[in-house]
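This report walks through one chain and asks how its parts are placed with respect to each other. Please keep the sequence and the model at hand while reading.

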Amino acid sequence: MEKEQYQQLEQSVTPKPPYFKNAAKAFFVGGIICTIGQAVSLFYIIFFDFTEATAGNPTVSTMVFFAMILTGFGLYKRIGQFGGAGSAVPVTGFGNAVISAAIEHKSEGLVLGVGGNLFKLAGSVVLFGVVSAFFVALIKYILVTLGVVSW
C-alpha cells in the first residue's frame, strides 16, 4: 500500500474530533471556575474589608488552595478530563500542577520526592512570571520617564 493510499484509509477510519463540543465544555468549566473565583473575591470584599484592587491576592491563593484540595481527593483530574483546557488555563491549573507532582513522587520520600518535585513544573512558571513582570515594569518605567504615558 502506498503512502497516499494509507493516509486516505487512515483519514476515512479516524473519527473526527468534536471540536465544538470540546470548546463548549472548556468554556463551561472555565466559566464555572471563574464564577467561583468571583464569589471568593466578593467574600473577601464583604467580610474582610478588602477593596476590589486588594482582594485579588487572597482570591488567587484561595483558588489555588481549592485546586490542591480537589487534586488531593482525585476530583480535579475528573474535572480536567471533562473540561480540558477550561480547567488548565485558570490559576487553579497551576495549583493542580504543583500538587500533582508532589503526589506522584511521594513514594520517594518527603525531601527528595515531594520537596524535590513540588516545583518541577511550577518553578518554570514562577520564573517566567517574574521575568515577564520585570520586563513589563521596565518598559512601563521607560515610557513614563520619557513622558509617552502618564501614570
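Leaving aside neighbours within four places in sequence, A122 is in contact with F94 and V98. The model in view is a predicted one, and this contact is a useful place to enter it. A122 is found in helix α8, which covers residues 120-145. Is A122 buried or exposed? With a relative accessible area of 1%, A122 is buried, because buried means a value under 20%. The C-alpha atom of A122 is separated by 8.6 Å from that of G95, although the two residues are 27 residues apart along the chain.

**The two domains**

The chain is divided into domain 1, residues 3-120, and domain 2, residues 122-151. Their C-alpha centres lie 27 Å apart, and five residues of domain 1 are in contact with five residues of domain 2. Between them the two domains bury about 300 Å², and 72% of this area is on carbon and sulfur atoms. Which three residues supply the most of the area that domain 1 buries against domain 2? They are F94, F119 and K120, which together supply 91% of that area, more than any other three residues. F94 is also one of the residues that A122 touches, when neighbours within four places in sequence are left aside.

**Annotated segments**

According to the UniProt record, an unreviewed entry, the annotation "transmembrane region" covers residues 26-47, 59-76, 83-103 and 123-149. Over residues 26-47 the chain is 100% helix and 0% strand, with the end C-alpha atoms 31 Å apart. Over residues 83-103, by comparison, the chain is 86% helix and 0% strand, and the end C-alpha atoms are 22 Å apart.

**Helix α2, helix α3 and the core**

The largest nonpolar core has eight residues, namely V29, I33, V40, Y44, A55, M63, A67 and Y76. The elements that give two or more residues to this core are α2 and α3, the latter covering residues 56-72. Helix α2 gives the most, with four residues.

S41 is found in helix α2, which covers residues 19-48. S41 counts as buried because its relative accessibility is 13%, under the 20% limit. When residues up to four places away in sequence are not counted, S41 touches A55 and T59, and A55 is itself a member of the largest nonpolar core. N57, in helix α3, has its C-alpha atom 9.2 Å from that of S41, with the two positions 16 residues apart along the chain. Unlike S41, which is buried, N57 is exposed, with a relative accessible area of 63%.

**The aromatic cluster**

Y44, a member of the core, is in contact with D49, F50, A55, P58, T59 and T62 when its neighbours within four places in sequence are left aside. A55 and T59 are thus touched by Y44 and also by S41.

A search of the whole structure finds six aromatic pairs. A pair of aromatic rings is described by the distance of the centres and the angle of the planes. Two of these pairs, both involving F43, are set out below.

| Pair | Centre to centre | Angle between planes | Arrangement |
|---|---|---|---|
| F43 and Y44 | 5.7 Å | 70 degrees | edge-to-face |
| F43 and F48 | 5.6 Å | 70 degrees | edge-to-face |

The partners in these pairs vary in how far they are covered. Y44 counts as buried at 16% relative accessibility, whereas F43 is partly exposed, with a relative accessible area of 38%, and F48 is partly exposed as well, at 47%. Ring pairs link F43, Y44, F47, F48 and F50 into a cluster.

**The loop after α2**

Where is D49 placed? D49 is in the loop between α2 and α3, and D49 is among the residues that Y44 contacts. D49 counts as exposed because its relative accessibility is 70%, over the 50% limit. Most residues other than glycine have a negative phi. D49, although not a glycine, has a positive phi of about 55 degrees.

How values were computed:
Residues are numbered from 1 along each chain as its sequence is written. This is a predicted model: local features need pLDDT of at least 70, side-chain atom pairs count only at pLDDT 80 or more; totals for chains, interfaces and linings use all residues. Side-chain values use heavy atoms; hydrogens and water are left out. UniProt positions are given in the numbering used here, feature names are shortened, and annotations may be inferred rather than shown by experiment. Buried means under 20% relative accessible area, exposed over 50%, partly exposed in between (1.4 Å probe, protein chains only). Contact means heavy atoms within 4.5 Å. A nonpolar core is a set of buried Ala, Val, Leu, Ile, Met, Phe, Trp, Tyr and Cys residues joined through side-chain atoms within 4.5 Å. Rings of Phe, Tyr and Trp (its six-membered ring) pair if their centres lie within 6.5 Å; planes under 30 degrees apart count as stacked, over 60 as edge-to-face and the rest as tilted. Domain bounds come from an automatic or database domain assignment. Buried area is the accessible area (1.4 Å probe) that two parts lose on being put together, summed over both.
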